[in-house]
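Please look over the sequence and the structure shown below before reading on. The report that follows begins with the chain as a whole and then turns to some of its parts.

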Amino acid sequence: MRDRFISTASTLLDEDPRLAVVLADISATGFDAAAAAHPDRVINVGIREQLLIGATGGLALTGVRPIAHTFGSFLVERPFEQVKLDLGHQGVGAVLVSALGSYDWPAGGRTHMSPADVALLDTLPGWTVHVPGHPDEAELLLRDAAAADGLVYVRLSLQQNAEARPITPGRFLTVRQGRGGPVVIAVGPVLDDVLAAVAGLDVTVLYASTVRPFDSAALRGALADRANADVVVVEPYLAGASTPFVAEALADRPHRVLGLGVSRQELRHYGTMQEHIAAHGLDARSLRERISAWAV
């Protein structure tokens, strides 16, 4: 997904003179050609993440549509005050594009893991959050974000699904229709594991490549003809991040919600991405056990 981001953003710089890319060393060499072609619109501030967001906000105040990029932990968590003040408080628009998610590069240690990024942005108003599950989806969502005017976070990952889905930005996609069991919302790159986990079970699966704004209409539609409103949300970041939005969408009817994702308990091991996925109970086998036990 990061390679696709670099190529797409470079092309967008050629197509739209309103755009600029702001970097903090990460992925900088990938933009060498774009920087040569657009030296005033590819800016590398070095390993200064607070400055990355501050410069992004300053560019936005001049009418530029900036795209800021680095690892998620350095893009949202480390400079969160600047995200809050230099973007949100100033009332400007910008696109933040991360690389590495909650467990993508365990060898980098805790400093390179960002399971709380979406939950942090949920404390601020007005953010659109895209979580693509495939490079093709990442390109579509990045182009949509670049053409917009508001605040957009595009969360990229090394984890991805085997195939792209025919997504529409801002909408959930029904990828499997059940008859009466729970509705499972699979966010971005966890879709393949979710589909493997619920094989043979009576569940509906909604695919969310955009999680904010939350597509309440799609969820309500999936539950419209059911006596029981049971919802499972599987997210590749902090468990339960979307459960308040499910509760808000279903505030007028009794419901149950199970939020599955990265646990709050810190895993102090390196290992591999797949080992971290399993340790958080997000592999297909663990998901099947957890969903089946809860749905009884």
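How many positive and how many negative side chains does the protein chain have, and how far apart do the centres of the two sets lie? In this model, which is predicted, the protein chain carries 25 positive and 33 negative side chains, and the centres of these two sets are 5 Å apart.

**The chain as a whole**

The protein chain contains 12 helices and 12 strands, and its C-alpha atoms fill a box of roughly 60 × 40 × 35 Å when this is taken along the principal axes. For a chain of 296 residues, a compact globule would be expected to have a radius of gyration near 19 Å, and the value of 19 Å for the protein chain agrees with this. Of the 296 residues, 54% are buried, while the accessible surface comes to about 12100 Å², with 53% of that surface belonging to carbon and sulfur atoms. If one considers contacts between residues at least 6 apart in sequence, 74% of them join residues that are at least 24 apart.

**Strand β9 and its partners**

Strand β9 covers residues 204-208, and because five of its five residues are buried, it is largely enclosed by the rest of the structure. Both of its faces are covered, with T204, L206 and A208 buried on one side and V205 and Y207 buried on the other. Two strands that are joined to β9 are set out here.

| Strand | Residues | Bridges to β9 | Direction relative to β9 |
|---|---|---|---|
| β7 | 172-176 | four bridges | antiparallel |
| β8 | 183-187 | five bridges | parallel |

Individual residues can be followed across these pairings: R176 has V205 as its bridge partner in β9, whereas I185 stands opposite L206 of β9.

**The start of the chain**

Is M1, which lies in the segment before α1 (2-15), buried or exposed? A residue counts as buried when its relative accessible area is under 20%, and M1, with a relative accessible area of 10%, is therefore buried. Which residues is M1 in contact with, leaving aside its neighbours within four places in sequence? They are P132, G133, H134, P135, A138, L156, S157, Q159 and Q160. The last of these names shows how the fold brings together distant parts of the sequence, since M1 and Q160 are 159 residues apart along the chain, and their C-alpha atoms are separated by 8.3 Å.

How values were computed:
Residues numbered from 1 in each chain as written. Predicted model: local features only at pLDDT ≥ 70, side-chain atom pairs only at ≥ 80, totals over all residues. Heavy atoms only, no water. Helix = DSSP H or I, 4+ residues; strand = E, 2+ residues; numbered from the N terminus. Rg over C-alpha atoms; globule rule 2.2 N^0.38 Å. Buried < 20%, exposed > 50% of the residue type's maximum accessible area, 1.4 Å probe, protein only. Contact = heavy atoms within 4.5 Å. Areas by Shrake-Rupley, 256 points an atom, 1.4 Å probe, with all protein chains shown as cover. Lys, Arg positive; Asp, Glu negative; His and termini not counted. Charge placed at Lys NZ, Arg CZ, Asp CG, Glu CD. Pairing = 2+ DSSP bridges.
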